[in-house]
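Here is a short note for a colleague opening this entry. Please read the points alongside the sequence and the 3D view.

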Amino acid sequence: LEPGASYFGDGSAGTVIVGSNGPVEKGLVSYYPLDEAGGSVIHDRQGPFNGKFETFMNPPKPRWQRSGILGGAMEFAEPGVSARLPGAKIAGDFSVSFWLRTSKSDEPLILGTFDLFLCQGIPKLIFGGWPMTIKDCPRLDDGSWHHLAFVWDQSGGKRAMSLFADGNLAGTGTGPGEGSFEGFALGMSNQPIPEPKCFIGSFDEIRVYNRRLSPEEVKILTD
């Protein structure tokens with residue numbers, strides 16, 4: 001196994017997903033490398049939870065880029081398109097890791113298990129109705145690739161949520177009494193039709209874990 005390469009499995013025991021700086025495989029339940037060459041299905045290379053593109057107003061027109069963090073990437077190039085990832089239902093600790101690239105300052109990123117959006121280029125996050133305090137985060141609307149990771153820890157009675165940006169702790173907070181992961185949508189908001197707020201930009205390398213990642217593991221995923 002070589003760092004810098006991607007190894008996909010069928011979700012069976014022993015499957016290893018290798019990132020750009022080695023494997024972070026323990027507890028990995030869904031992995032979306034977003035390397036599709038076409039179509040509207042978003043393949044889960046670790047589990048059975050394939051996603052799909054959706055639309056508000058027009059037929060979905062997914063765009064697949066050849067140049068992402070590893071392999072290709074998924075691009076939202078026009079308003080009205082979103083993507084739904086059902087994901088495994090996880091009760092307890094979980095983590096979500098992904099890359100994004102955008103030059104827009106005020107956009108929805110994720111809606112569902114937790115709500116994540118950009119406000120003047122800075123991420124804002126709400127989980128179970130509880131907002132997170134963002135203390136130290138760079139602007140993410142510079143047109144470059146940035147890594148984000150959300151970690152939920154309710155071990156030992158904790159209700160701790162953390163957001164990492166480019167491998168560094170950017171925000172913390174206290175969440176609901178019991179948190180769980182139940183999938184999410186990318187690139188859409190809960191603003192009503194006919195003018196929903198839509199994401200313009202790209203996503204890549206989406207990973208979902210049924211455990212909390214350590215700061216060191218988050219760092220590995222950014223290298």
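**Notes on the model**

1. The structure holds zero disulfides, a disulfide being a pair of cysteine sulfur atoms within 2.5 Å. Cysteine 119 is partly exposed, at a relative accessible area of 33%. Cysteine 137 counts as buried, at 15% relative accessibility. Buried means under 20% relative accessible area, exposed means over 50%, and partly exposed falls in between (1.4 Å probe, protein chains only).

2. A word on the source. This is a predicted model, in which local features need pLDDT of at least 70 and side-chain atom pairs count only at pLDDT 80 or more, while totals for chains, interfaces and linings use all residues. Residues are numbered from 1 along each chain as its sequence is written, and side-chain values use heavy atoms, with hydrogens and water left out.

3. Now the overall make-up. The protein chain has one helix and 21 strands. These are DSSP runs, numbered from the N terminus: helices are H or I with at least four residues, strands are E with at least two. The chain has 223 residues, and buried ones make up 50% of them. Its accessible surface comes to about 10,000 Å², with 49% belonging to carbon and sulfur atoms. Areas come from the Shrake-Rupley method with a 1.4 Å probe; for residues, only the protein chains shown count as cover.

4. Contact means heavy atoms within 4.5 Å. Take the contacts in the protein chain between residues at least 6 apart in sequence: 63% of them join residues at least 24 apart.

5. How many aromatic pairs does a search of the whole structure find? The search finds 13. Rings of Phe, Tyr and Trp (its six-membered ring) pair if their centres lie within 6.5 Å; planes under 30 degrees apart are stacked, over 60 edge-to-face, the rest tilted. One pair is phenylalanine 53 with tryptophan 64, edge-to-face, at 5.5 Å centre to centre and 85° between the planes. This pair links distant parts of the chain: phenylalanine 53 is in strand S5 (residues 51–55) and tryptophan 64 in strand S6 (residues 63–65), eleven residues apart. Phenylalanine 53 is buried, at 5% relative accessible area. Tryptophan 64 is buried too, at 16%.

6. Phenylalanine 127 and phenylalanine 150 also pair edge-to-face, at 5.6 Å centre to centre and 75° between the planes. Phenylalanine 127 lies in strand S13 (residues 122–127) and phenylalanine 150 in strand S16 (residues 145–153), so the pair ties together parts 23 residues apart in sequence. Both phenylalanine 127 and phenylalanine 150 are buried. They belong to one aromatic cluster with Phe94, Phe114, Trp152, Phe181 and Phe184.

7. The largest nonpolar core has 43 residues, of which Met74, Phe150, Leu186 and Phe203 touch the most other members. Strand S10 (residues 94–101) gives the most to this core, with four residues. Apart from it lies another core of ten residues, including Ala149, Val151, Phe164 and Leu221. A nonpolar core is a set of buried Ala, Val, Leu, Ile, Met, Phe, Trp, Tyr and Cys residues joined through side-chain atoms within 4.5 Å.

8. Look next at serine 162, in strand S17 (residues 160–165). Serine 162 is buried, with a relative accessible area of 18%. Not counting residues up to four places away in sequence, serine 162 touches Met132, Ala149, Phe150, Val151, Leu169, Gly171 and Thr172.
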